[in-house]
Amino acid sequence: MSNKSFEEVCLDIYKSISPKAFKAIVPVIDWARKMQNKAPIPLKEKMAEITFPKFDKKIIMIHGVSVGEVLSLEKLIKRIKEEFKEYGIVITTGTQTGQELAKKKYGEIADFITYFPIDIY
């Protein structure tokens, strides 16, 4: 018999079901997005199921959800790049437009740009 509390058991169940439930609903969401002429959800990136680069230095991670936040990060990113040359920069975004802008503006500065993974746990 397990020594886990009721809350721990519930959390274990939640952790095992949520990723599967999310993946099961994504085709429906993608269909709805397609009907609205929107791009599909980048599921592999949002579920952190991509190959991340190996860094041989410490990383500073910066997050901007969408266009406005990504734009507001410009001075910060440039300052970090100047003052912390020994660090790599990883930029994450939450939206497609934020992702496109980050790659366009910071593609030469950042070491890696990706979507912020969905926190379903």
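## Starting at strand S3

Let's begin with Tyr115, a residue of strand S3, which covers residues 112–115. The model you are looking at is a predicted one.

Is Tyr115 buried or exposed? Its relative accessibility is 8%, so Tyr115 counts as buried, because the cut-off for buried is under 20%. Setting aside residues up to four places away in sequence, Tyr115 touches Pro42, Glu45 and Lys46, and also Thr92, Thr93, Gly94, Thr95, Gln96 and Gln99. For a sense of distance, take Leu71: Tyr115 and Leu71 are 44 residues apart in sequence, and their C-alpha atoms are 16 Å apart in space.

## Two covered faces

In a regular strand, side chains alternate between the two faces of the sheet. What does this look like in S3? Phe112 and Thr114 are on one side, Ile113 and Tyr115 are on the other, and all of them are buried, leaving both faces of S3 covered.

## The partner strand and the helix between

Now for the strand beside S3. S2 and S3 run parallel and are joined by 4 bridges. One pairing to look for is Ile91, whose bridge partner in S3 is Ile113. Together with helix H5, these strands make a right-handed β-α-β unit.

## Thr92 in strand S2

Thr92, one of the residues that Tyr115 touches, belongs to strand S2. Thr92 has a relative accessible area of 2%, so it is buried.

Which residue's side chain makes a polar contact with the side chain of Thr92? That residue is His63, at 2.7 Å. Apart from neighbours within four places in sequence, Thr92 is in contact with Met61, Ile62, His63 and Gly64, and with Thr114, Tyr115 and Phe116 as well.

## The largest nonpolar core

The largest nonpolar core has 14 residues. Those touching the most other members are Ile62, Ile77, Ile89, Ile91, Ala102, Tyr106 and Ile113. Four elements give two or more residues to this core: strand S1 (59–64), helix H4 (74–83), strand S2 (88–93) and helix H5 (96–106). Which of them gives the most? It is H5, with 3 residues.

Ala102 is a good place to finish. Leaving out neighbours within four places in sequence, Ala102 is in contact with Val70, Ile91, Thr93, Gly107 and Ile113. Among these contacts you will recognise Ile91 and Ile113, the bridge partners described above.

Note on methods. Residues are numbered from 1 along each chain as its sequence is written. This is a predicted model: local features need pLDDT of at least 70, side-chain atom pairs count only at pLDDT 80 or more; totals for chains, interfaces and linings use all residues. Side-chain values use heavy atoms; hydrogens and water are left out. A nonpolar core is a set of buried Ala, Val, Leu, Ile, Met, Phe, Trp, Tyr and Cys residues joined through side-chain atoms within 4.5 Å. Buried means under 20% relative accessible area, exposed over 50%, partly exposed in between (1.4 Å probe, protein chains only). Contact means heavy atoms within 4.5 Å. Two strands pair if DSSP finds at least two bridges between them. A crossover is right-handed if, with the strands pointing away from the viewer, the path from the first strand over the helix to the second runs clockwise. A polar contact is a pair of N or O atoms within 3.5 Å; within protein, one must be able to donate a hydrogen and the other to accept it, and residues adjacent in sequence count only if both atoms are side-chain atoms.
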